[in-house]
Amino acid sequence: MSNPAVLSLVRLRDIISGFPYRFDVEDNIGEAIHIHYKEIRLDLTIQEFLRLADEAEKIVNALVAVEGFSVDRFDPVFLVGLAGAGALASLQRIVEDECWLADLIVDTIDENGQECYANLQASRVTKALHGDVAQNDARKQINHFKRCSVEQYTNEERVQYNLQQIKQVGYPSGKDRIVLMNESSIIIDGQHRAACLYDAYGNIKVPVNRMYLSDLALSDAIANPHKYDINSLLFFRSDEEDFSETRKLHITNSMLKNRQVVAIPESLTELRFDPLEDDYCKVEGFSAQCSEGTIPVVWHNGFEHQGAFWFYNKDPQICLRLPTDGIREICITADVRKLNNPDVLMKALKEQNEDANQLATALREENKAINGKLEQISEQYNRLTKSVSWRITKPLRNAMHLLRRG
């Protein structure tokens, strides 16, 4: 029988960046399933391929002997990515947890095409559900095949399919839950499910699976691919309501430069950025931007030194005033660093005091020089007004003054 089509089922190089060799699975319609491994090709019937897949699943389940883990409980593409990163070998436990949808963080692209994090309300999938499809359409991702079809879903079709599944079937009770890594709020699998849940039901509390790895560096690299690993809070104030625990968002910040897009409620007058909870910290490169431009800092409870905010109390706060009440989205940039050693903070405070003392000394010297000039000018003026020529010409000056007055 001739070969009318070759359908690529999976290419590991599409899933794992930099995968070193070829590993592809193809469906040669009318012939067989082909598995390409480096220079080797295996030809299997559909039945043989399914048996091989079942045996491979049993092997993975046996190798990853962790309570709560089973291959059929997670998205296969997600598991392949974890395996490629070496995470399955480091998996220690899986814990069922609950999270508010508004507290979840997703990776996305900002208006300049730069990678950043956003809260779920500002994610590309949430935007697509409200008609703004540009970011989601531009996303390169692997989508599943349509049922009984050789075509894969487009990005937009995938969003709508997930929304219909949530509405018709509901959120999975065990399989395919949203997955987080360690204590992070960043979604590593399940952004579509989370956005569809938020669109359908608002900010509800949902079950999630947390994966804990023994290799902490690896877990940070997976959960925080841009080194984002510090949780901050953003509080809201309006004319009707002050800052409160009920009006806040979690923001994930970075040990490197972090830019995060945040969707905010309507009718706000002020924002309060709390870099850390219960810790000393330093905030470099802080800025908040909106469609109206830069949002000004009106107050903070730390001190400024070398272009950074330093906080020696354990409730650091930076307050900002919004230019108008119509702002719905802001972009916050902040390089937040924990200061585990108080000596670093005291050194910065000492340097600031030294700088302030130097500035005070310089101002005193400048003031002394100005006073010296004033005394010199005053002395010259007194000598002039007491001179004979000044007294003789007084009538002439009075006449000139009367002429000017008309």
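**Exercise 1. Classify the exposure of Ile40 and describe its surroundings.**

Solution. Ile40 has a relative accessibility of 48% and therefore counts as partly exposed, since buried means under 20% relative accessible area, exposed over 50%, and partly exposed in between (1.4 Å probe, protein chains only). The model is predicted: local features need pLDDT of at least 70 and side-chain atom pairs pLDDT 80 or more, whereas totals for chains, interfaces and linings use all residues. Residues are numbered from 1 along each chain as its sequence is written, and side-chain values use heavy atoms, without hydrogens and water.

Next, Ile40 is assigned to strand E4 (residues 40-44); strands are DSSP runs of at least two residues, numbered from the N terminus. Finally, Ile40 joins Tyr37 and Leu42 in a nonpolar surface patch whose accessible area is about 270 Å² together. Such a patch consists of residues with over 30% relative accessible area and no salt bridge, its nonpolar side chains (Val, Leu, Ile, Met, Phe, Trp, Tyr) being joined within 5 Å. A salt bridge places a side-chain nitrogen of Lys or Arg within 4 Å of a carboxyl oxygen of Asp or Glu. Areas follow the Shrake-Rupley method with a 1.4 Å probe, and for residues only the protein chains shown count as cover.

**Exercise 2. Identify the strands that pair with E15.**

Solution. Pairing requires at least two DSSP bridges between two strands.

- Strand E15 (residues 281-290) is antiparallel to E19 (residues 308-311) over four bridges, with Glu284 opposite Ala308.
- E21 (residues 329-338) pairs with E15 in the antiparallel sense over seven bridges; Thr333 is the bridge partner of Ser287.
- E16 (residues 293-294) is antiparallel to E15 over two bridges, and the two strands form a hairpin with two residues between them.

**Exercise 3. Determine which residues touch the most other members of the largest nonpolar core.**

Solution. A nonpolar core is a set of buried Ala, Val, Leu, Ile, Met, Phe, Trp, Tyr and Cys residues joined through side-chain atoms within 4.5 Å. Of the 26 residues in the largest core, Leu234, Ile264, Leu271, Phe273, Val283, Phe286 and Ile330 touch the most other members. E15 supplies the largest share of this core, five residues. Another core, of 21 residues, lies apart from it and includes Val125 and Leu163.

**Exercise 4. Characterise the aromatic pair of Phe69 and Phe74.**

Solution. Rings of Phe, Tyr and Trp (its six-membered ring) pair when their centres lie within 6.5 Å; planes under 30 degrees apart count as stacked, over 60 as edge-to-face and the rest as tilted. The whole structure holds nine aromatic pairs. Phe69 and Phe74 are stacked, at 5.9 Å centre to centre and 20° between the planes. Phe69 counts as buried because its relative accessibility is 9%; Phe74 is likewise buried, at 3%.

Conventions. Patches are made of residues with over 30% relative accessible area and no salt bridge: like charges are joined within 9 Å, nonpolar side chains (Val, Leu, Ile, Met, Phe, Trp, Tyr) within 5 Å.
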